[in-house]
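Trainee: Got a minute to walk through this one with me? I'd like to start with the charged pairs and then move on to the strands.

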Amino acid sequence: MIERKETFPVVSFDRVGSLSLNGKNVLKCVLFDWDGTLLDSFEADAQAYIHMFASLGMKWSIAELKRDYSPNWHHVYRAARLPRAKWEEADRLWMKFYRTHQPELQPGARRVLCALERRFTLALVSSGSRARVRRQLREHEVAAMFRTKVCSEDAPRRKPHPAPLRMALDRLRLSPKVCVYVGDAPEDVQMAHRAGVRAIGVLGGSPVPERLRAASPDATIETIRELPNLLRNF
């Protein structure tokens, strides 16, 4: 399917002064979160959580999920007071219900990736399981665009710990100073800053936009379609 031509709207900058060095473009790599940032997945995530908790005899609403949402699903389990002994069963049930959904890419995401891969090295750092994320990358025909991919099983710690992002940088042999991370959750921003990487927050697909802003990303955009315009000014 051919996407219609769009113009990029004006971007909202927060600490844009920190995004360039001596007025020169030094950016070499753009690393992305997957769920919510490139993949329009929150509805699928939320429904899988609700059905999973119901199967375990617990009531859990979308409002409660948004209040306690985190890319680290163990945080959600703790917030719901799910006994640790049931976490493995919860993982299995969540995947069972998630598989009934087929989330699409965020509008314009493919065109953005195609444009950016001509200028930058692209990489992916996701909290999602390796099997699921890699399958979705293949299904949406974007897997080859990313030089490296780090998923939940790959790093010893999860977001907001910087280990996943540092692993990607080590694989790419790049300094944090020439990279930027794009995500939709406060944990994405926290991980990036702890790794010494600049962070861009995507507000439109985030289930927690207020918390995302409060995490102080270096810049914010409403949708992923605005990213090329922002990066032109780096």
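**Charged pairs, strands and a helix**

Mentor: Sure. R135 forms a salt bridge with E139, and their closest N and O atoms are 3.3 Å apart. Bear in mind that this is a predicted model.

Trainee: Where do R135 and E139 lie?

Mentor: Both sit in helix α6, residues 130–139, four residues apart, which is about one turn of the helix. An α-helix has 3.6 residues a turn, so residues three or four places apart point the same way.

Trainee: And R135, how does it count by relative accessibility?

Mentor: R135 counts as partly exposed because its relative accessibility is 28%, between the 20% and 50% cut-offs.

Trainee: Which residues do salt bridges with shared partners join into one network?

Mentor: D33, K159 and D188. Within that network, the side chains of D33 and K159 meet at 2.9 Å, N to O. That pair links distant parts of the chain, 126 residues apart. D33 is in the loop between β2 (29–32) and α1 (42–55), while K159 is in the loop between β4 (149–150) and α7 (163–172).

Trainee: Are D33 and K159 buried or exposed?

Mentor: Buried. D33 has a relative accessible area of 4%, and K159 is at 2%. Both count as buried because the cut-off is under 20%.

Trainee: How many salt bridges does the count come to?

Mentor: Seven. Another one of them is R67 with D68, also given as 2.9 Å from N to O. R67 counts as exposed at 53% relative accessibility, whereas D68 counts as buried at 15%.

Trainee: OK, new topic. Where is H140, and what is it in contact with?

Mentor: H140 is in the loop between α6 and β4. Leaving aside neighbours within four places in sequence, H140 is in contact with W34, L39, P103, E104, L105 and R110. H140 has a relative accessibility of 9%, so it counts as buried.

Trainee: Now the strands. Why is β3 largely enclosed by the rest of the structure?

Mentor: Because five of the five residues of β3, residues 121–125, are buried. Both faces are covered, with T121, A123 and V125 on one side and L122 and L124 on the other.

Trainee: Which strands does β3 pair with, and in what sense?

Mentor: β2 and β3 pair in the parallel sense over four bridges. β3 and β4 also pair in the parallel sense, over two bridges. L124 is a handy residue to click on: it is the bridge partner of F32, and it stands opposite K149 in β4. The chain crosses from β3 through α6 to β4, and that β-α-β crossover is right-handed.

Trainee: So α6 is the helix with R135 and E139 again?

Mentor: Right, R135 and E139 both lie in α6.

Trainee: Last one: which residues of α8 are buried, and what do they pack against?

Mentor: In α8, residues 186–194, the buried ones are P186, E187, D188, V189, M191 and A192. D188 belongs to the salt-bridge network with D33 and K159. The buried residues of α8 pack against β3, α7, β5 (179–183), β6 (198–202) and α9 (209–214).

Trainee: And what follows α8?

Mentor: G196, whose phi is positive, near 80°.

Terms used:
Residues are numbered from 1 along each chain as its sequence is written. This is a predicted model: local features need pLDDT of at least 70, side-chain atom pairs count only at pLDDT 80 or more; totals for chains, interfaces and linings use all residues. Side-chain values use heavy atoms; hydrogens and water are left out. A salt bridge is a side-chain nitrogen of Lys or Arg within 4 Å of a carboxyl oxygen of Asp or Glu. Buried means under 20% relative accessible area, exposed over 50%, partly exposed in between (1.4 Å probe, protein chains only). Contact means heavy atoms within 4.5 Å. Two strands pair if DSSP finds at least two bridges between them. A crossover is right-handed if, with the strands pointing away from the viewer, the path from the first strand over the helix to the second runs clockwise.
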